[in-house]
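Thanks for coming. I will go through one structure, starting with a single chain and ending at the nucleic acid.

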2 protein chains.
Amino acid sequence: MASAKPSTSGINPDRADHCRVVGAVLDRIGDKWTIMAVSVLTDGPARFTTIMREIGGVTHRMLTLTLRGLERDGLVTRTAYATVPPRVEYELTELGRTLTTTLIPLAHWSEANWQTIRAAQDQHDARSEPALAD
Amino acid sequence: MASAKPSTSGINPDRADHCRVVGAVLDRIGDKWTIMAVSVLTDGPARFTTIMREIGGVTHRMLTLTLRGLERDGLVTRTAYATVPPRVEYELTELGRTLTTTLIPLAHWSEANWQTIRAAQDQHDARSEPALAD
DNA sequence: CAGAATCCGGAACGATACTG
DNA sequence: CAGTATCGTTCCGGATTCTG
């Protein structure tokens, strides 16, 4: 399927193709709840409410949808124990674990440069909206 | 300002904090048009229409918004030449270039596993919606 | 050629309530 | 405790038009 194009500099061999794929994947795992859920699960299996509390600020519904999506993508497994108080555990699959590996550099970059970005935004905003300053 | 927490396994030192940051960054650069625009610019400076054609399927408006966002984040620079047919060039900043570096592993992962994900989705869908088969 | 402004349909998200 | 269903809102994204 993938043609045998030599990878020149990494991301831009034939942009049209690669961008689509990366875009498609990012479209799945790119939303913030997904990233956060995956991050929590990096630590090991966790129950629904545990994940919800760890993330904080996520609604019941959104976490459910997020986890269902991850399950569908084969990135996490869902294990329901038929106990009286229902208990469901989510865990990263092998594939999910390889993803977190890939995500780590991005996490580091985010942490390292997030303030720089913020600063750039402030500068830009200051230039664009001097009206707010009164 | 970041506390001197030892990074245990990479992404999960104190989830709440790190997830926020990564989530925030992903919220900015995570959408597909942004990723694609950055990918195109990895090749070097490019003009508006060039980027639009390279990406394909993006509307005038969305590309404008995307590029403005990137400019605001300090990831790309915008240079307008006051020629008769207006000509605007976009180029990655140094910060933008460090981001692409981080993105490369993710691109590889996407390429390597996108089919696996697709397959997992198909399996999952087949189990969930056997009704459509008729 | 590049961008701003406007309008509109649909998807995403949140809050709530009910089930097992 | 975990999940589903429904409803209302908000916001994103696309098509169009106009300007410099």
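Of the 134 residues in chain A, 43% are buried. Bear in mind throughout that this is a predicted model. Chain A has five helices and three strands, and along the sequence they come in the order α-α-β-α-α-β-β-α. As for contact range, take the contacts in chain A between residues at least 6 apart in sequence: 38% of them join residues at least 24 apart.

Next, the relation between the two protein chains. Chain A is superposed on chain B by a rotation of 180° with 0.0 Å of shift along the axis, and the RMSD is 0.1 Å. The two copies are therefore related as by a two-fold rotation axis. In chain A, the C-alpha nearest that axis belongs to Gly30(A), at 2.7 Å. Both copies use the same surface, in that 100% of the contact residues of chain A recur in chain B.

Now some glycines in chain B. Gly23(B) is in helix H1 of chain B, which covers residues 15–29. Its relative accessibility is 2%, so Gly23(B) counts as buried. Which residues does Gly23(B) contact, leaving aside its neighbours within four places in sequence? They are Lys32(A) and Met36(A).

Gly74(B) sits in the loop between H4 and strand E2 (76–81) of chain B. With neighbours within four places left aside, Gly74(B) is in contact with Ala120(A), Thr93(B) and Leu95(B). Gly74(B) and Glu94(B) are 20 residues apart in sequence, and their C-alpha atoms are 9.1 Å apart in space.

On to the interior. Helix H2 of chain B, residues 32–41, has nine of its ten residues buried, so it is largely enclosed by the rest of the structure. The buried residues in H2(B) include Trp33(B), Met36(B) and Val40(B). As a reminder on helix geometry, an α-helix has 3.6 residues a turn, so residues three or four places apart point the same way.

How many residues does the largest nonpolar core have? It has 64, and those with the most contacts inside it are Ile51(A), Ile55(A), Ile51(B) and Ile55(B). Take Ile51(B) as an example: leaving aside neighbours within four places in sequence, Ile51(B) is in contact with Val40(B), Leu41(B), Ala46(B), Leu63(B), Leu67(B) and Tyr90(B). One of these, Val40(B), is also among the buried residues of H2(B).

That brings me to the DNA, beginning with strand D. Sixteen residues surround DNA strand D, and the closest are Thr49(A), Arg68(A), Arg78(A), Tyr90(A) and Met62(B). Of the atoms of DNA strand D that come within 4 Å of the protein, sugar and phosphate account for 64%.

Three individual distances for strand D follow. An N or O atom in the side chain of Arg78(A) is 2.3 Å from a phosphate oxygen of DNA strand D. For the side chain of Tyr90(A), the distance from an N or O atom to a phosphate oxygen of the strand is 2.5 Å. A polar backbone atom of Pro86(A) is 3.4 Å from a sugar or linking oxygen of DNA strand D.

Which elements give two or more residues to the surface near DNA strand D? From chain A they are helix H3 (48–55), helix H4 (60–72) and strand E3 (87–92), and from chain B helix H4 (60–72). H4(A) gives the most, with four residues. By class, this surface near DNA strand D has seven nonpolar, four polar and five charged residues.

Finally, strand C. There are 16 residues around DNA strand C, of which Met62(A), Thr49(B), Arg68(B), Arg78(B) and Tyr90(B) come nearest. Sugar and phosphate make up 68% of the atoms of DNA strand C that come within 4 Å of the protein.

Base nitrogens of strand C appear in two of the polar pairs. A polar side-chain atom of Arg61(A) lies 3.2 Å from a base nitrogen of DNA strand C, and a polar side-chain atom of His60(B) lies 3.1 Å from a base nitrogen of that strand. On the backbone side, a phosphate oxygen of DNA strand C is 2.2 Å from an N or O atom in the side chain of Arg68(B).

The elements that give two or more residues to the surface near DNA strand C are H4 of chain A, with helix H3 (48–55), H4 and strand E3 (87–92) of chain B. Here H4(B) gives the most, with four residues. By class, the surface near DNA strand C has seven nonpolar, four polar and five charged residues.

Terms used: Residues numbered from 1 in each chain as written. Chains lettered and ligands numbered in written order. Predicted model: local features only at pLDDT ≥ 70, side-chain atom pairs only at ≥ 80, totals over all residues. Heavy atoms only, no water. Least-squares fit on C-alpha atoms with pLDDT ≥ 70 in both. Contact = heavy atoms within 4.5 Å. Near = heavy atom within 4 Å. Polar contact = N/O pair within 3.5 Å; in protein donor to acceptor, adjacent residues only side chain to side chain. Nonpolar A, V, L, I, M, F, W, Y, C, P; charged D, E, K, R; others polar. Core = buried A, V, L, I, M, F, W, Y, C linked by side-chain atoms within 4.5 Å. Buried < 20%, exposed > 50% of the residue type's maximum accessible area, 1.4 Å probe, protein only.
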